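Student: I have just opened this one and would love a friendly tour. Could you walk me through it step by step?

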Amino acid sequence: MSMTDPISDFLTRVRNAIKAEKKTVDIPASKFKKEIAEILKNTKYIEDYKILDVDSPQKMISIRLKYSNGESVITGIKKISKPGIRKYVENEKLPKVRNGLGIALISTSKGLMTDSQARKLGVGGEVICEVW
């Protein structure tokens, strides 16, 4: 079965794992999903991730979720740009998630980065999702 929006699937799997209070979640791998996992790790929203080389043509990313005092560090995760409606912003109009308490992932010409990194570099791009 082909998937129309693999990034939405990634975010939904993470959201569902958090609601079920799972420690890890496995997601079909791609280069873009690995970049998202790397940013989530660097911004301390997840503990760690690793690429699983399973006995199938599709590799998997295993994400170890981060909890503090029994509560997930990720309290919300929302897809912004969808396949039918892409959301592009200029560097002056980059979103501030929860007044700076969250991050927005921006796909720019210089790669995937957080909204604060994009502001520093002075680039805009496609707003992929928001995490808080």
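**A guided tour**

Tutor: Happy to, and please keep in mind that this is a predicted model. Let us begin with one side chain: R119 is partly exposed, with a relative accessible area of 33%.

Student: Which residue forms a salt bridge with R119?

Tutor: Look back along helix 3, which covers residues 115-121. The partner sits four residues away from R119, so about one helical turn separates the two. General geometry helps here: residues three or four places apart in an α-helix point the same way. The closest N and O atoms of the pair are 3.5 Å apart, and the partner of R119 is D115.

Student: Is D115 buried or exposed?

Tutor: Buried means under 20% relative accessible area. D115 has a relative accessible area of 5%, so D115 is buried.

Student: What does the side chain of T114 make a polar contact with?

Tutor: T114 lies in strand 9, residues 111-114. T114 is itself buried, with a relative accessible area of 5%. Leaving out residues up to four places away in sequence, T114 touches several others, including I39, T43 and I103. Its polar contact, at 3.2 Å, is with the side chain of S116.

Student: Now for the sheet: in what order do the three strands of the open sheet come?

Tutor: Follow the pairings. Strand 1 (residues 24-28) is joined to strand 3 (residues 60-65) by five bridges, and strand 2 (residues 46-52) is joined to strand 3 by six bridges. Strand 1 and strand 2 are the edge strands, each pairing on one side only. The pairing is antiparallel, and the order is 1-3-2.

Student: Which residue in strand 3 does V25 stand opposite?

Tutor: Strand 1 and strand 3 run antiparallel. Across from V25, in strand 3, stands I63.

Student: And which residue of strand 3 does D48 stand opposite?

Tutor: For D48 we turn to the pairing of strand 2 with strand 3, which is also antiparallel. In strand 3, the residue opposite D48 is R64.

Student: Which residue forms a salt bridge with R64?

Tutor: In general, side chains of opposite charge can pair when their charged atoms come close. Here the closest N and O atoms are 4.0 Å apart, and the partner of R64 is E47. The pair links distant parts of the chain, 17 residues apart, with R64 in strand 3 and, in strand 2, E47.

Student: Which residue forms a salt bridge with D48, then?

Tutor: D48 is partly exposed, at 26% relative accessible area. Its partner is partly exposed as well, at 32%. With the closest N and O atoms 3.2 Å apart, the partner of D48 is K41.

Student: How many salt bridges does the structure hold?

Tutor: We have met several, among them K41 with D48 and D115 with R119. Counting over the structure, the number is five.

Student: Which strands does helix 1 touch as it packs on the sheet?

Tutor: Helix 1 (residues 6-19) has 14 residues and reaches 20 Å from its first C-alpha to its last. Its buried residues include F10, L11 and V14. The direction of helix 1 makes about 165° with that of strand 1, and the strands it touches are strand 1 and strand 3.

Student: What angle does helix 2 make with strand 2?

Tutor: Helix 2, residues 31-42, lies across strand 1, strand 2 and strand 3. Relative to strand 2, helix 2 runs at about 155°.

Notes:
Residues are numbered from 1 along each chain as its sequence is written. This is a predicted model: local features need pLDDT of at least 70, side-chain atom pairs count only at pLDDT 80 or more; totals for chains, interfaces and linings use all residues. Side-chain values use heavy atoms; hydrogens and water are left out. Two strands pair if DSSP finds at least two bridges between them. A salt bridge is a side-chain nitrogen of Lys or Arg within 4 Å of a carboxyl oxygen of Asp or Glu. Buried means under 20% relative accessible area, exposed over 50%, partly exposed in between (1.4 Å probe, protein chains only). The expected span of a helix is 1.5 Å times one less than its number of residues. A polar contact is a pair of N or O atoms within 3.5 Å; within protein, one must be able to donate a hydrogen and the other to accept it, and residues adjacent in sequence count only if both atoms are side-chain atoms. Contact means heavy atoms within 4.5 Å. Axes are lines fitted to C-alpha atoms, for helices over the stretch in contact, and angles run from 0 to 180 degrees between N-to-C directions.
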